[in-house]
Amino acid sequence: ERGKHGRPDWLKARVPGGEAYREIKETMRGLSLHTVCEEARCPNIGECWNNRTATFMILGNVCTRSCGFCAVLTGKPTELDLDEPRRVADAAKKMGLRHAVITSVNRDEQLDGGAGIFAATIRAIREEVPGCAVEVLTPDFKGRRESVQTVIDARPDTFNHNIETVPRLYPAVRPQAKYRRSLEVLRYAKELNPEGLTKSGFMLGLGEVREEIIQTMQDLRDHDVDILTVGQYLRPSENHLPMVRYATPKEFAEYRKIGFELGFSHVESGPLVRSSYHAHEQTEDARRG
Ligand code: SF4
Ligand code: SF4
């Protein structure tokens with residue numbers, strides 16, 4: 001079962017390539033934009049980019065937080081780039097995107113946590129690429145309701161905020177976050193726009209156990225979350241939290257089934273799943289559901 005580098009075969013990354021992939025890479029560099037697809041060395045990059053889905057990382061590439069699983073640098077944040085929304089929309093247009101995911105680092109030093117730039121980015125894409133679905137994957141904005149409102153007022157198709165792990169593991173996995181606060185952010189987003197979809201996700205392999213996983217899924221449903229994503233944690237480096245285990249494809253399939261039973265309208269669960277994987281299909285499915 002183990003392939004090269006000691007990873008199970010089901011986690012072998014595919015080599016990125018193809019026409020669309022190269023085109024998008026050039027566009028990103030030309031506009032000095034960052035994508036999670038590249039920075040997280042996401043194994044799905046070839047598939048997603050060729051399917052015209054990409055995840056932009058706005059608000060810089062330095063984070064004010066230090067989550068134990070995350071490869072993004074922690075430190076003093078960069079200047080806010082007020083022109084970024086326009087460039088993201090420009091890139092989305094050039095790339096002919098069908099589904100744009102906008103995410104960011106945490107900007108805890110900003111009063112609004114960067115919500116204003118999120119909203120401006122959504123609006124800019126709406127204007128430039130009318131057919132493109134827009135999904136935001138936001139920080140918790142320290143639970144600040146005005147910031148959630150600012151983002152929702154720009155009417156994203158999907159509001160995503162990842163819970164990342166079970167509450168017991170928060171001190172190591174998300175030391176500056178609070179489990180309940182993240183749940184509240186999700187509920188508030190739904191309250192503000194019941195027609196919009198809400199979405200969240202977590203990783204397996206950090207030491208969580210089955211009962212905790214199911215409880216977390218239940219908690220998300222209790223806060224009206226529509227779409228769930230479940231993926232495998234992969235340790236970015238020796239300085240990050242150790243990976244406790246590889247969950248098997250069978251377990252992922254089981255959580256998918258449980259998720260549907262709990263009432264999620266779409267569940268994406270598998271070793272290579274990232275929150276934006278198959279994002280376009282997730283949205284369409286959840287809309288139908
Ligand atoms: Fe990019 Fe998300 Fe696709 Fe990975 S799964 S390539 S981060 S859009
Ligand atoms: Fe990474 Fe987000 Fe945590 Fe920052 S808040 S360290 S970007 S996961």
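Two cavities of 30 Å³ or more are held within the structure, which is a predicted model. They are described below in turn, by volume, by lining residues and by the elements that supply them.

The largest cavity encloses about 70 Å³ of space. Its lining is made up of Glu-47, Cys-48, Asn-51, Thr-53 and Arg-98, together with the run Tyr-277, His-278, Ala-279, His-280 and Glu-281. Two helices, helix 3 (45-50) and helix 11 (279-288), each contribute at least two residues to the lining of this cavity, and it is helix 11 that provides the largest share, namely three residues. When the lining of the largest cavity is sorted by class, four residues are polar, three are charged and three are nonpolar. The charged residues Glu-47, Arg-98 and Glu-281 thus appear in the lining alongside polar residues that include His-278 and His-280.

The second largest cavity has a volume of about 40 Å³, and its lining comprises Ile-152, Pro-156, Phe-159, Ala-189, Lys-190, Asn-193, Gly-196, Leu-197 and Thr-198. Here a helix and a strand are involved, in that helix 8 (179-192) and strand 8 (197-204) each supply at least two of the lining residues. By class, the lining of the second largest cavity divides into five nonpolar residues, three polar residues and one charged residue; Lys-190 is the charged residue of this lining, while Ile-152, Pro-156 and Phe-159 are among the nonpolar ones.

Conventions. Residues are numbered from 1 along each chain as its sequence is written. Chains are lettered from A and ligands numbered from 1 in the order in which they are written. This is a predicted model: local features need pLDDT of at least 70, side-chain atom pairs count only at pLDDT 80 or more; totals for chains, interfaces and linings use all residues. Side-chain values use heavy atoms; hydrogens and water are left out. On a 1 Å grid over the protein atoms alone, a cavity is a set of points where a 1.4 Å probe fits but cannot get out, and a pocket is an open set with protein on both sides within 12 Å along at least five of seven lines; lining residues have an atom within 4 Å of a point. Grid points are joined across faces, edges and corners, and a volume is the space filled by probe spheres set on the points. Helices (H or I, at least four residues) and strands (E, at least two) are DSSP runs, numbered from the N terminus.
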